[in-house]
Amino acid sequence: DSITNPKIIDNKKEVKYYSDIIREENQRMNNQVESVLRMSLLDKHDLEFNMGEYDIHELISKAVSKIELLLRERNGKIDMKLDATQTVLQLDADHFTNAVLNLLDNAIKYSEDEPDIEIKSNDIPGGIRFSIRDKGMGMSREVTHRIFDKFYRKSSGNIHNIKGFGLGLSYVKAIIDTFGGSISVKSEQGKGSIFEISLPIQ
């Protein structure tokens, strides 16, 4: 409607502005549809996995590179301290990368100020643990107990302005469970959140 406005349609700068909004919203809608489809396939146990040996540090770095544009738009930063030494695991590279992207996307979205994110990894007996910490708005204990439930979204405070269906973290948990790992969250309102993922070396 805005573009077809006679005052706008002949203004290339304005048309480009609204075209960019349409493009961003189309991408967001595509991502939401993909999330719904992925969860549907997970429920039916029809989601395909191409398991192989992959270096987890390389996959984390790949996810970070994909999120850099969004991070730059918010003047944010990511500090990586990847200290694990046994980093080759048996997993599906695409689903793992998507899971990390979901966590990074949340860390950016739920940061009211410029996102300040830290990713760490270290060795644990029989596996590897890595964490993603942000200094965003954080969550109450009640919310952390339900955050991995499908379609759950906190509805109080400013968080309701964040777009999404509440599928991201349930997908992440389902993928990590499939790899034989575990995911947990520690959070405090106003001080941010830290998601910890442990994965076995098989």
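A residue counts as buried when its relative accessible area is under 20%, as exposed when that area is over 50%, and as partly exposed in between. In this predicted model, 13 of the 17 residues of helix H4 are buried, so the helix is largely enclosed by the rest of the structure. The points below describe helix H4, followed by the aromatic pairs and the salt bridges.

**Helix H4**

- Helix H4 covers residues 93–109, and its 17 residues should span 24 Å at 1.5 Å a residue.
- The C-alpha atoms at the two ends of H4 are 24 Å apart, which agrees with the expected span.
- The N-terminal end of H4 is capped by Asp92, which places a side-chain oxygen 3.0 Å from the backbone nitrogen of Asp94.

**Aromatic pairs**

- The structure holds 3 aromatic pairs, counting rings of Phe, Tyr and Trp whose centres lie within 6.5 Å.
- One of these joins Tyr17 and Tyr18 in an edge-to-face arrangement, with 5.1 Å from centre to centre and 75° between the planes.
- Tyr17 is partly exposed, at a relative accessible area of 49%, and Tyr18 is also partly exposed, at 24%.
- Another pair is formed by Phe49 and Phe179, whose ring centres are 6.3 Å apart; the planes stand at 80°, so this pair is edge-to-face.
- Phe49 belongs to the loop between helix H2 (12–43) and strand S1 (51–55), while Phe179 belongs to the loop between helix H6 (168–178) and strand S6 (182–188).
- The Phe49 and Phe179 pair therefore ties together parts that are 130 residues apart in sequence.
- Phe179 is buried, at 3% relative accessibility, whereas Phe49 is partly exposed, at 25%.

**A salt bridge within helix H2**

- Side chains of opposite charge can pair when their charged atoms come close.
- The whole structure contains 9 salt bridges.
- One of them links Asp20 with Arg23, and the closest N and O atoms of this pair are 2.8 Å apart.
- Asp20 and Arg23 are 3 residues apart in helix H2, so about one helical turn separates them.
- An α-helix has 3.6 residues a turn, so residues three or four places apart point the same way.
- Arg23 is exposed, because its relative accessibility of 54% is over the 50% limit, while Asp20 is partly exposed at 25%.

**A salt-bridge network**

- Lys81, Glu118, Lys120 and Arg133 are linked in a network of salt bridges.
- Within this network, Lys81 pairs with Glu118, and their closest N and O atoms are 3.3 Å apart.
- Lys81 lies in strand S2 (residues 77–82) and Glu118 in strand S4 (residues 116–124), so their pairing ties together parts that are 37 residues apart in sequence.
- Glu118 also meets Lys120 in a salt bridge, with 3.8 Å from N to O.
- Glu118 is buried, because its relative accessible area of 12% is under 20%.
- Its partner Lys81 is partly exposed, with a relative accessible area of 36%, and Lys120 is partly exposed as well, at 37%.

Terms used: Residues numbered from 1 in each chain as written. Predicted model: local features only at pLDDT ≥ 70, side-chain atom pairs only at ≥ 80, totals over all residues. Heavy atoms only, no water. Phe/Tyr/Trp six-rings, centres within 6.5 Å; stacked < 30°, edge-to-face > 60°. Buried < 20%, exposed > 50% of the residue type's maximum accessible area, 1.4 Å probe, protein only. Helix = DSSP H or I, 4+ residues; strand = E, 2+ residues; numbered from the N terminus. Expected span 1.5 Å × (residues − 1). Polar contact = N/O pair within 3.5 Å; in protein donor to acceptor, adjacent residues only side chain to side chain. Salt bridge = Lys/Arg side-chain N within 4 Å of Asp/Glu carboxyl O.
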